[in-house]
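Hi,

Here is the structure I promised to pass on to you. Have a look at it first, and then read on for what turned up in it.

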Amino acid sequence: MAGHRIFAFPFARIYPEYVNKVERKGHTVEELHTVLTWLTGYTDEGLAAAIADERTLEEFFAQAPAMNAHTDLITGVICGIRVEEIEDPLMQQIRWMDKLVDEVARGKRMTSILRAPVG
């Protein structure tokens, strides 16, 4: 999937869709930011900067301050594909983000969404 066109898509165009999705289901922007910061290490200010400068998804993830060490615990299906089986690292990061946002919208408990190793 190298060079997939979604890689050049601005985060600023996807972010409002995420906001609409979670708010439509009765959840908050704060919950959305919680999962985005957990995944990427961005602060709220960093997310605002990513939106303002219209960085692409490729740039968004390349410039992420600290991808969470427990992303390997994100499993399941998004767009008909198991996220843990996606071979392209950038596509996998994008789908992890989609998966977490979906879980917020579905009302999954935040403690479950923000995965932590057992034990």
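Let's begin with a word you will need: a residue is called buried when its relative accessible area is under 20%, exposed when that value is over 50%, and partly exposed in between. Please keep in mind that this is a predicted model.

With that cut-off in hand, try Arg-95. Its relative accessible area is 17%, so Arg-95 is buried. Its partner in a salt bridge is Asp-98, with 2.8 Å from N to O. Asp-98 counts as buried too, because its relative accessibility is 13%. How far apart are Asp-98 and Arg-95 in helix α5? They are 3 residues apart in that helix, which covers residues 89-106, so about one helical turn separates them.

Helix α5 holds another pair of this kind. Glu-103 and Lys-99 are 4 residues apart there, again about one turn of the helix. A salt bridge links them, and their closest N and O atoms are 3.9 Å apart. Both Glu-103 and Lys-99 are buried. This pair belongs to something wider: salt bridges with shared partners connect Lys-99, Glu-103, Lys-108 and Arg-115 in one network.

How many salt bridges are there in the whole structure? The search finds 7. One of them joins Asp-53 to Arg-55, with the closest N and O atoms 2.6 Å apart. The two ends of this bridge are worth comparing with the cut-offs above. Asp-53 has 44% relative accessibility and so counts as partly exposed, whereas Arg-55, at 9%, counts as buried.

Now for charges on the outside. Which residues make up the patch of negative charge on the surface? They are Glu-23, Glu-30, Asp-44 and Glu-45. Take Glu-30 as an example: it lies in helix α2, residues 29-40. With 56% relative accessibility, Glu-30 counts as exposed.

Finally, the inside. In soluble globular proteins, nonpolar side chains tend to be buried together. Here, the largest nonpolar core has 34 residues, and Phe-11, Leu-32, Leu-39, Phe-60 and Met-97 have the most contacts inside it. At least two residues of this core come from each of α1 (11-24), α2, α3 (44-52), α4 (57-62) and α5. Which helix gives the most to this core? That is α5, with 9 residues. So when you open the model, α5 is a good helix to start from, because Asp-98 and Arg-95 sit there about one helical turn apart.

Enjoy exploring!

Note on methods. Residues are numbered from 1 along each chain as its sequence is written. This is a predicted model: local features need pLDDT of at least 70, side-chain atom pairs count only at pLDDT 80 or more; totals for chains, interfaces and linings use all residues. Side-chain values use heavy atoms; hydrogens and water are left out. A salt bridge is a side-chain nitrogen of Lys or Arg within 4 Å of a carboxyl oxygen of Asp or Glu. Buried means under 20% relative accessible area, exposed over 50%, partly exposed in between (1.4 Å probe, protein chains only). Patches are made of residues with over 30% relative accessible area and no salt bridge: like charges are joined within 9 Å, nonpolar side chains (Val, Leu, Ile, Met, Phe, Trp, Tyr) within 5 Å. Accessible areas come from the Shrake-Rupley method with a 1.4 Å probe; for residues, only the protein chains shown count as cover. Lys and Arg count as positive and Asp and Glu as negative; His and the chain ends are not counted. The place of a charge is taken as NZ of Lys, CZ of Arg, CG of Asp or CD of Glu. A nonpolar core is a set of buried Ala, Val, Leu, Ile, Met, Phe, Trp, Tyr and Cys residues joined through side-chain atoms within 4.5 Å.
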